[in-house]
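Here are a few notes to read with the structure open beside you. Take the points one at a time and find each residue as you go.

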Amino acid sequence: MPTDSDAYSAGKNAAEGLLELAPVDIKHGEPGEIEFLLSKFSEDVRAPLERAAQDPEFAAGLIGELGPEGYARLVAATDRTALLDGLNESSHGKAATEMLSLLGQALGSATRMPNSPVDAGFMAKLTENDGFVTDGELDPELAAILLNEGNYTSETAAMLAGHVFLEADPPQIYDRPEGYIDTPAHRASLLTPADHNVEADNVGAWATASHALLRHGGASEMLSLRDSSGNPVVAERLLDPSLTGGTTVMPALVGAILDTPRSNLSTNPNDSAALSAVESLVLANHSRHGDVGEWAREPLGRLYMDYPGEILNIGEGRSAFPAAQSPLGERLANLPADKSGAGADIITAALGADGTPPARLDGPRDPMAPGGGQRYASWQEAIYAATDHYRGQVQSYGPPRDTDVQGTAYVDVEDLADEVSDINAELVQGQFGAHAIAASDRDDDNAAKQAAINVVTDYVALGLGFGAGGGTRAVFANAYNAHAEGPLLNRFFPINGASKVFNATVPEFAQKLVTDQAVQIVNSAALSGSIELPASLLDPATSGLRAPTSGADGAQFAKDLADYIESNDALAEAVDGAAADLMGRVNALSTGAYRGGS
């Protein structure tokens with residue numbers, strides 16, 4: 001609680017007089033009584049509110065002494081009076097507009113005093129208070145007005161904005177003149193943000209709260225809000241695709257709100273509010289299995305572009321691959337294990353984006369530099385490139401070093417193989433989810449599964465030579481696809497899917513996928529320096545697999561690679577285990593149980 005300064009004490013004293021003017025139950029007051037009180041507001045309330053708008057200490061004393069209930073009564077009395085028949089166009093209506101603005105300014109000012117009693121807790125009680133109700137709930141239009149008129153701390157702005165988004169509906173499309181808003185006249189000018197073009201989707205509570213929230217910098221704090229059960233209710237609301245049902249529209253500003261946590265982390269990786277907000281978005285998206293509103297897909301896609309490793313290790317705990325170490329990676333890895341499929345759900349949402357694709361990861365970061373400003377051809381290409389980028393990080397890191405029970409150090413190729421498999425499996429699941437959502441027949445899981453497998457198999461084959469990520473087709477991938485893939489398939493699966501390499505029968509539709517993954521694992525292990533390839537497979541320039549040069553050479557390459565895997569027990573076990581993990585999750589697609597990782 002702040003020390004009683006002269007200004008703070010003066011604010012408390014002023015509150016006592018204001019409480020005498022606001023009726024205890026404004027819902028049942030006689031019209032004549034409320035009209036009389038409004039005239040008293042004009043004379044006796046304006047001065048303390050004007051001072052409060054400019055003096056945070058006075059404001060904290062004033063609003064703090066009023067308390068959530070008393071402040072709510074003042075707002076409600078002001079608004080209620082102007083709602084009386086015949087007053088909207090009168091001087092009373094104009095006075096109500098001015099008074100609502102001052103009430104918002106005073107409330108915002110009160111939050112800016114250090115250790116102010118008007119904090120997030122105060123706002124939580126205010127939004128629950130039944131003092132400014134219409135039809136039984138806190139009127140979100142009034143909450144948006146108060147938010148936009150004042151200058152709040154990010155935490156208090158988040159509470160008001162969260163209430164608006166939870167209780168209000170998105171803007172309506174009206175067959176009326178541009179800028180029309182279906183609200184009482186004394187509120188209309190306060191719900192038309194002055195700093196933006198006035199269009200049907202940019203007026204009203206949602207648009208007004210969006211402008212105010214972005215101005216106050218409280219987007220991350222708002223997205224972090226949870227209910228009593230720990231559910232990220234605001235994030236869930238803003239991702240819900242059903243918000244655009246009927247004649248509603250979604251302001252583009254909501255996309256900016258959803259993108260704020262990612263943007264803030266780019267400048268401060270330890271931003272606690274942004275970390276919490278990303279966690280909320282991940283959980284909210286996971287609860288919808290990536291089926292989110294179109295306005296949310298690009299922000300989630302940009303999040304994946306910046307943090308593919310962190311997202312692919314959600315819920316992995318201590319098993320999270322160390323190449324994804326960062327404050328966000330640690331936060332997401334520590335989510336419950338049953339959230340480990342959330343990475344696939346982020347991919348699902350991102351693959352549904354259809355706006356302007358992001359800038360290339362392999363181009364200059366400065367868009368003004370030579371070659372800068374180039375973008376991917378599609379969001380799918382972008383998401384695959386980000387996945388490759390993380391695979392390159394895994395490859396560069398190599399197998400984690402560990403010790404056995406005797407304390408002897410060893411290189412764990414199996415961990416590397418598991419991470420390669422996890423990347424591929426999450427991508428298959430994410431791609432399948434995107435196909436299933438886009439399909440007109442949601443029940444046709446097998447068709448969606450096959451489409452996902454086809455797309456991802458082609459991608460995995462192209463990703464074989466992407467040492468550190470990037471968007472160009474590698475020499476090795478070209479040569480392998482042209483000369484070695486067919487012979488290696490025949491070598492791995494000579495009879496009806498049976499294999500000496502894989503301990504389980506692999507269905508035909510997935511044989512290319514697990515074969516290409518095996519090559520991926522061997523190549524990654526070799527490039528990381530954890531295994532030494534025989535001369536017949538080695539590219540001395542890279543220390544990885546060499547590129548086959550012809551059909552005959554491809555056949556020899558396939559034989560030598562299969563023999564090498566079979567002769568190396570640790571490598572064979574790692575390759576087989578990774579294939580089993582991948583196939584376990586691929587097979588689950590046909591049952592619809594395609595969520596969840598390992």
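1. Let's start with a word you'll need: a residue counts as exposed when its relative accessible area is over 50%, as buried when that area is under 20%, and as partly exposed in between. Keep in mind, too, that what you're looking at is a predicted model.

2. Now for the overall picture. The protein chain has 25 helices and six strands. Of its 598 residues, 55% are buried. Take the contacts between residues at least 6 apart in sequence: 72% of them join residues at least 24 apart. On the outside, the chain exposes about 24400 Å², and carbon and sulfur atoms supply 47% of that.

3. Next, the charges. Side chains of opposite charge can pair when their charged atoms come close. How many salt bridges does the count come to? It comes to 22.

4. A good one to look up is E141 with R187, where the closest N and O atoms are 2.9 Å apart. E141 sits in helix 7 (residues 140-149) and R187 in helix 9 (residues 185-188), so this pair ties together parts that are 46 residues apart in sequence. Are these two buried or exposed? E141 is buried, at 18% relative accessible area, and R187 is buried as well, at 3%.

5. D553 and R546 make another salt bridge, with 2.7 Å from N to O. D553 has a relative accessible area of 18%, so it counts as buried. R546 comes out at 17%, so it is buried too.

6. For R51 and D55, the closest N and O atoms of the salt bridge are 3.9 Å apart. R51 is partly exposed here, because its relative accessible area is 39%.

7. Salt bridges can also be followed from residue to residue: D259, R262, E298, R302 and D306 are linked in a network of them.

8. Finally, have a look at the surface. Which residues gather in a patch of negative charge there? They are E414, D415, D418, D569 and E573. Two elements, helix 20 (413-438) and helix 25 (569-588), each give two or more residues to this patch. Helix 20 gives the most, with three residues. E573 belongs to helix 25, and now the definition from the start pays off: its relative accessibility is 52%, so E573 counts as exposed.

Conventions. Residues numbered from 1 in each chain as written. Predicted model: local features only at pLDDT ≥ 70, side-chain atom pairs only at ≥ 80, totals over all residues. Heavy atoms only, no water. Helix = DSSP H or I, 4+ residues; strand = E, 2+ residues; numbered from the N terminus. Buried < 20%, exposed > 50% of the residue type's maximum accessible area, 1.4 Å probe, protein only. Contact = heavy atoms within 4.5 Å. Areas by Shrake-Rupley, 256 points an atom, 1.4 Å probe, with all protein chains shown as cover. Salt bridge = Lys/Arg side-chain N within 4 Å of Asp/Glu carboxyl O. Patch = residues over 30% accessible without salt bridge, like charges linked within 9 Å, V, L, I, M, F, W, Y side chains within 5 Å. Lys, Arg positive; Asp, Glu negative; His and termini not counted. Charge placed at Lys NZ, Arg CZ, Asp CG, Glu CD.
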